[in-house]
Amino acid sequence: MISNKSPMIKMLLPILFNSAQKWGYISQSGEIVIPPKFLYADSFSEGLAPVTTEDGYGYINGAGCFAIPPLFGEAESFEGGLAIVCDNKGSSGKYGMIDKSGKFVIKPAFDSLALPSWGLSLAAVDYKYGFVDSSGKFRIPPIFDEADCFDECGWSCVEKDGICFFIGVDGKTKLQLDCESATPFYDGFSVIVRNGKSGCVDRSGALVMPCVFDEMLDSGEGTFAVKREDAWSFVDWSGTPLFDMSFDLVVPFSEGFAGVCRDDRWGYMAHDGSFLTPLVFDEIWDFHHSFAKVISVDGEMSYLHSSGKSILPLM
């Protein structure tokens, strides 16, 4: 059935309708609010959602009408009234930043661009990274081979000439590490790779967990996913296992649940090792506002609520 009720934007869930091979939106109860008519549809943020048509990417409102026409080669979600877009399809496209009226606040001139953090946006030109201000002017020149956005403390993890270090918003070095690579700090920790093995350091550079793992991911919510001998498991910041189980692949925790996979089948697990669902899905996504998108083994897309309830479109 198609709902005629006024949509509550924050409750709309983008979903692929297999019968139409088009994307639309359903409510949390499964009612079809915006019928399937898009080549792709993303989640709503700040009242607008990026969608794709034959003409390109644009933004719709909660009624399914275009608020910003589909004129872009790519479009990302709005955050703080701003969104990153690409002006053209294909390799010739350049990235810029628009406001909610669709007006460019930073003209498309970059190979990549991120939303601002601490007043500066990560930007790339000619395979080099630097940081631009709200006018699109470089405040920290594009001299880095790799770089990440500034974290909650105003640090960015950068790499230049094979050396990994952290800089502040003034461009000055905050911490230099003896390692092959490092991740941005999250909850005070950075995952590093040293001599081919992964471990974890704090903001002083001191090892919190030794570099003994084949791979390591900051899994969020005070946990880390670690890999040894082709098996993934979860540990806390002290290295203590959360539970005595291992998996072929994992996805970090989001809203209390991690994605886990064995024999190409996915499910969700809580911090205490209990399963929210059996390992029955072909693909899964993170939880967001208590909902996670999943695809069954027969290719049907639906949503899973954090209670374990499945939500399918009511046709």
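A residue counts as buried when its relative accessible area is under 20%, and as exposed when that area is over 50%. The model used in these exercises is predicted.

**Exercise 1.** State what share of the residues is buried, and describe the surface of the protein.

Solution. Step 1: the protein has 315 residues, and 44% of them count as buried. Step 2: the exposed surface comes to about 15,300 Å², with 53% supplied by carbon and sulfur atoms.

**Exercise 2.** Find the secondary structure content, then decide how compact the protein is.

Solution. Step 1: there are 0 helices and 33 strands. Step 2: the radius of gyration is 21 Å, and the globule rule gives 20 Å for 315 residues. Step 3: these values are close, so the protein is as compact as a globular protein of that length.

**Exercise 3.** Describe the largest nonpolar core and name strands that contribute to it.

Solution. Step 1: this core has 22 residues. Step 2: those touching the most other members are Tyr-25, Ile-26, Ile-34, Phe-38, Phe-44, Ile-60 and Tyr-303. Step 3: among the elements that give two or more residues are strand S2 (22-26), strand S3 (32-38) and strand S32 (301-305).

**Exercise 4.** Locate Asp-161 and Asp-263, and classify each as buried or exposed.

Solution. Step 1: Asp-161 sits in the loop between strands S17 (155-160) and S18 (163-168), and Asp-263 in the loop between strands S28 (257-262) and S29 (265-270). Step 2: Asp-161 has a relative accessible area of 64%, so it is exposed. Step 3: Asp-263 has 67%, so it is exposed. Step 4: for the backbone, Asp-161 has a positive phi of about 55° although it is not a glycine; Asp-263 also has a positive phi of about 55°.

Conventions: Residues numbered from 1 in each chain as written. Predicted model: local features only at pLDDT ≥ 70, side-chain atom pairs only at ≥ 80, totals over all residues. Heavy atoms only, no water. Helix = DSSP H or I, 4+ residues; strand = E, 2+ residues; numbered from the N terminus. Rg over C-alpha atoms; globule rule 2.2 N^0.38 Å. Buried < 20%, exposed > 50% of the residue type's maximum accessible area, 1.4 Å probe, protein only. Areas by Shrake-Rupley, 256 points an atom, 1.4 Å probe, with all protein chains shown as cover. Core = buried A, V, L, I, M, F, W, Y, C linked by side-chain atoms within 4.5 Å.
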